[in-house]
Amino acid sequence: MALLFVPFLLLLMLRWSNAQPSPGYYPSYRFRPLRGFYRGFNNLWGPEHQTVSGDQSSVTIWLDRNSGSGFKSIRPFRNGYFGTSIKLQPGYTAGVITAFYLSNNQAHPGFHDEVDIEFLGTTPGKPYTLQTNVYVRGSGDGRIIGREVKFHLWFDPTAGFHNYAILWNPNEIIFFVDDIPIRRYPRKNAGATFPLRPMWLYGSIWDASSWATEDGKYKADYRYQPFVARFTRFVARGCTAFAPLLCQPVPSSWHGDGLSRRQYAAMQWAQRYYLVYNYCKDPKRDHSLTPECWS
């Protein structure tokens, strides 16, 4: 009887050690969501592939053989907390990207900054990959210098809505999943590796078959169309590009900038169990182009 109990105890201990920790700080509840989608966003492209709920609390966008869809914030921001709750589509979604991101590519074509949360589509039986990325001054155009850090998730993102957020201030970028900080990207020099120019907030769904799923091995298969993504509970709080200089950036923890001890421990948990790729540790990358990896 005792011998049978030991494996059960070990399994229980493993599950307990892998339980989601409390970060102690919950920015997704600290800020009220927008009262209506059109108070903060407009359609960017694919209007016939985008539906806003009657009370404007949510938006559904989809990709089919004809088009995808996207939306864009009305105002640009120079810092802030940007969050939304997303529910993804189950089944075959290879080649399909669902994204929530900051960018100024329309203001600075070929020389833009970008901060991404992207869900890389997948095949049945395999988990979604959440990719975080930072582009600085055009490195996403032509001369590609992505700063990708990828994760699997500790829940099924197709079973319900979960909160995803970017906090961007003059000193750091922090990516959150259900208020767990999964990645912190600090500013280490005067702008060469850190985005400082105002950016707009976007959401989109589109076909990225050339690279999205296992480096392009699996393509979008339109026998499974439409590919649908649902967004709700939009939060965009911070200093717009037109705010007075006295406007203070949104804090990333109870004490201001940086992560608290509990937040840092939660980030270590996420990275220990769910991180699947870090550009800084990729031996195939030319790290002279990403000096933040060793500075």
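Start by selecting L88, Q89, T93, V96, T98, F119, G121, Y128, I205, F227 and V228, the residues that line the largest cavity. On a 1 Å grid over the protein atoms alone, a cavity is a set of points where a 1.4 Å probe fits but cannot get out, while a pocket is an open set with protein on both sides within 12 Å along at least five of seven lines; lining residues have an atom within 4 Å of a point. β6 and β14 are the elements that give two or more residues to this cavity's lining. Strands here are DSSP runs (E, at least two residues), as helices are (H or I, at least four), all numbered from the N terminus.

Before moving on, a word on what you have open. This is a predicted model, where local features need pLDDT of at least 70 and side-chain atom pairs count only at pLDDT 80 or more, while totals for chains, interfaces and linings use all residues. Residues are numbered from 1 along each chain as its sequence is written, and side-chain values use heavy atoms, with hydrogens and water left out.

Back to the cavity: its volume is about 60 Å³, where a volume is the space filled by probe spheres set on the grid points, joined across faces, edges and corners. The structure holds one cavity of 30 Å³ or more. Colour the lining by class and you get seven nonpolar, four polar and no charged residues. For that colouring, Ala, Val, Leu, Ile, Met, Phe, Trp, Tyr, Cys and Pro count as nonpolar, Asp, Glu, Lys and Arg as charged, and the others, Gly among them, as polar.

**Next stop: the pockets**

Select L120, Q131, K150, W211 and A212. Of the 35 residues lining the largest pocket, these lie nearest its centre. The space there comes to about 760 Å³. Show β7 (114-120), β8 (129-135) and β15 (275-278) too, since each supplies at least two residues of the lining. Its classes are 13 nonpolar, 12 polar and 10 charged residues.

Now pick R183, R184, N278, Y279 and C280, the closest to the centre of the second largest pocket among the 14 residues that line it. This pocket has about 330 Å³ of space. β12 (180-186) and β15 each bring at least two lining residues, and β12 gives the largest share, four residues. Here the class count is seven nonpolar, two polar and five charged.

**Then the salt bridges**

Six salt bridges are held in the structure; each is a side-chain nitrogen of Lys or Arg within 4 Å of a carboxyl oxygen of Asp or Glu. Show the side chains of D113 and R197, which meet in one of them at 2.8 Å, N to O. D113 sits in the loop between β6 (96-103) and β7, and R197 in the loop between β12 and β13 (200-207), so the pair ties together parts 84 residues apart in sequence. Is each partner buried or exposed? D113 has 1% relative accessibility and counts as buried, and R197, at 13%, counts as buried too. The cut-offs are under 20% relative accessible area for buried, over 50% for exposed and partly exposed in between (1.4 Å probe, protein chains only).

Go on to K126 and E214, whose closest N and O atoms are 2.8 Å apart in a salt bridge. K126 is in the loop between β7 and β8 and E214 in the loop between β13 and β14 (227-240), so this pair links parts 88 residues apart in sequence. K126 is partly exposed at 40% relative accessibility, and E214 is partly exposed at 39%.

Finish this stop with D221 and R223, joined by a salt bridge of 2.6 Å, N to O. D221 is buried at 16% relative accessible area, whereas R223 is exposed at 68%.

**Backbone oddities**

Most residues other than glycine have a negative phi, and most peptide bonds are trans. Click E214 again: this non-glycine residue has a positive phi of about 50 degrees. Q56 is not a glycine either, and has a positive phi of about 60 degrees; look for Q56 in the loop between β2 (50-52) and β3 (58-63). For the peptide bond, select Q225 and P226: the bond between them is cis, with omega near -5 degrees. P226 is found in the loop between β13 and β14.

**Last stop: confidence**

Colour by pLDDT, the predictor's confidence in each residue from 0 to 100. The chain has a mean of 91, and 91% of its residues reach 70 or more. Then select residues 8-16, where pLDDT stays under 50 and the model has zero contacts (heavy atoms within 4.5 Å) beyond four places in sequence. Where pLDDT is low, the predicted coordinates should not be read in detail.
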